[in-house]
Amino acid sequence: MKKIAYIASECVPFIKTGGLADVVGTLPRIFDKKHYDVRVIIPNYMCLPAKFKEKMRYLTHFHMDIGWKQQYVGVMYMEYEGVPVYFIDNEYYFNGFNIYGDIKWDIEKFCYFSKAALSILPSIGFQPDIVHCHDWQAGLVPVYLKTLFANNPFYSSMKSIMTIHNLQFQGRWDVKTLQEYSGLPDYVFTPDKLEMYKDASMLKGGLVYADKISTVSNTYSYEIQTPQYGEGLHGLLSARHESLWGIVNGIDYNDYNPATDKKIYKNYTTKNFRKNKVENKLALQKKLGLPEDKNAYMIGIISRLTDQKGLDLVDRIMNDICTDGTQFVVLGTGDRRYEDMFKYYQGIHPAKVSANIYYSDALSHEMYAACDAMLVPSRFEPCGLTQLMALRYGTLPIVRETGGLKDTVIPYNEFDGSGTGFSFANYDAFELLNTINYSKRIFFDYKEAWENMQIRAMEQNYSWSNSAEIYQRLYDQV
């Protein structure tokens with residue numbers, strides 16, 4: 001029996017801001033319970049939903065040295081869908097309505113969390129073979145394991161894995177502050193360990209000290225070894241390339257299933273999608289006040305509205321996209337600049353553009369079912385889940401060839417009739433426009449080729465069970 005502790009700052013269904021929460025909340029449920037005992041450790045945020053708070057029970061508490069002070073560490077517990085979840089309780093750190101805020105405060109909070117996550121293990125009677133740490137918030141766990149905890153026999157055989165979900169976020173602050181918050185010895189704050197361009201980085205610490213490193217797609221694992229995508233850590237990552245695994249995230253195939261999805265207007269399968277998918281389009285057009293036209297080419301964007309997502313490219317060509325026969329539906333929130341941009345285009349093209357500047361899970365499902373194509377022109381994309389959901393619903397992704405987008409979308413080839421979507425290589429607005437125009441041509445003029453592509457898209461398997469098999473191989477190697 002292999003014992004594994006997942007240590008992370010978020011986890012579905014308790015708290016989520018991004019894809020990290022999906023991985024931590026879903027993977028542990030997939031492993032075969034006969035061979036893997038996987039448990040999750042997250043903070044007990046004050047803003048967790050009351051329905052979960054009511055089910056938690058108190059296990060234990062103690063005080064722990066962190067830096068120059070002593071801090072209370074409480075442990076709350078509940079089992080969720082067969083997975084034991086431990087919540088580290090400390091009102092001083094985990095109060096407030098948001099889980100992230102001021103970066104300096106976040107750094108102090110997650111220094112505490114990293115040390116507490118290891119410290120609770122003896123008192124909950126769990127001695128994992130592997131601690132699987134996610135992103136910078138758990139970056140100090142491998143560091144503590146090999147320094148302050150190294151001489152304690154309880155911890156001496158534990159191995160650690162560090163998973164990068166997004167390399168942009170690294171938990172960086174000045175060396176002196178991080179020394180004070182973490183209580184780590186001086187010798188770890190050197191350029192070959194935690195120091196980074198005169199500051200200190202919690203993520204870098206995790207990457208230096210972890211036994212293995214993984215990230216959320218194969219292509220991204222190569223990209224982050226280059227200066228363009230490496231965010232200053234490319235040297236370290238290429239030095240550790242033999243320990244680096246790229247494993248694509250999955251999606252929940254029960255939740256995202258056009259045959260059974262209760263959030264969509266009309267269910268469909270590969271057998272009847274030609275008739276029923278169109279019903280979803282007409283229903284969405286009616287709901288959003290767009291002209292009801294089953295022959296319109298409907299493009300969707302479901303995204304955080306930020307620079308990373310390639311929306312500056314969309315801005316440059318938006319008027320060219322909104323030609324006759326095309327409708328453009330947006331769902332998401334983010335930078336004011338992009339929120340205003342989509343509202344502006346809705347104002348100019350009210351019969352073509354619907355800008356929904358909020359987030360709604362129900363509307364996202366309706367869009368996956370209704371749209372013909374889903375646009376994901378990201379500048380970089382560690383994994384990306386939008387394109388996986390789109391494929392599942394036979395909505396063809398139009399993506400830039402980067403990270404997980406490149407790994408999961410096969411570009412259409414009209415000569416051998418292969419492909420599950422459309423892609424372009426360079427970060428260039430006109431290349432994006434040409435790709436969109438090409439997709440329009442196939443949609444309007446080569447209906448059979450388009451429908452065959454939809455069937456291939458719907459038959460792809462990006463469920464979590466695929467990812468879990470590869471993670472099991474990684475655990476066996478460690």
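Trainee: How do the residues lining the second largest cavity divide into nonpolar, polar and charged?
Mentor: This is a predicted model, where local features need pLDDT of at least 70 and side-chain atom pairs pLDDT 80 or more, while totals for chains, interfaces and linings use all residues. Residues are numbered from 1 along each chain as its sequence is written, and side-chain values use heavy atoms, without hydrogens and water. The lining is Ile66, Gly67, Trp68, Lys69, Tyr93, Glu108, Glu180 and Tyr181. With Ala, Val, Leu, Ile, Met, Phe, Trp, Tyr, Cys and Pro as nonpolar, Asp, Glu, Lys and Arg as charged, and the others, Gly among them, as polar, you get four nonpolar, one polar and three charged.

Trainee: What volume does the largest cavity have?
Mentor: A cavity is a set of 1 Å grid points, over the protein atoms alone, where a 1.4 Å probe fits but can't get out; lining residues have an atom within 4 Å of a point. Points join across faces, edges and corners, and volume is the space filled by probe spheres set on them. Here that's about 60 Å³.

Trainee: Which element gives the largest share of that largest cavity's lining?
Mentor: Two elements (DSSP runs: helices H or I, at least four residues; strands E, at least two; numbered from the N terminus) give two or more residues: α1 (19-30) and β5 (83-89). The largest share, four residues, comes from α1.

Trainee: And which element gives most to the second largest pocket's lining?
Mentor: A pocket is an open set with protein on both sides within 12 Å along at least five of seven lines. This one holds about 290 Å³, and the residues closest to its centre include Val278 and Lys294. The largest share of the lining, five residues, comes from α11.
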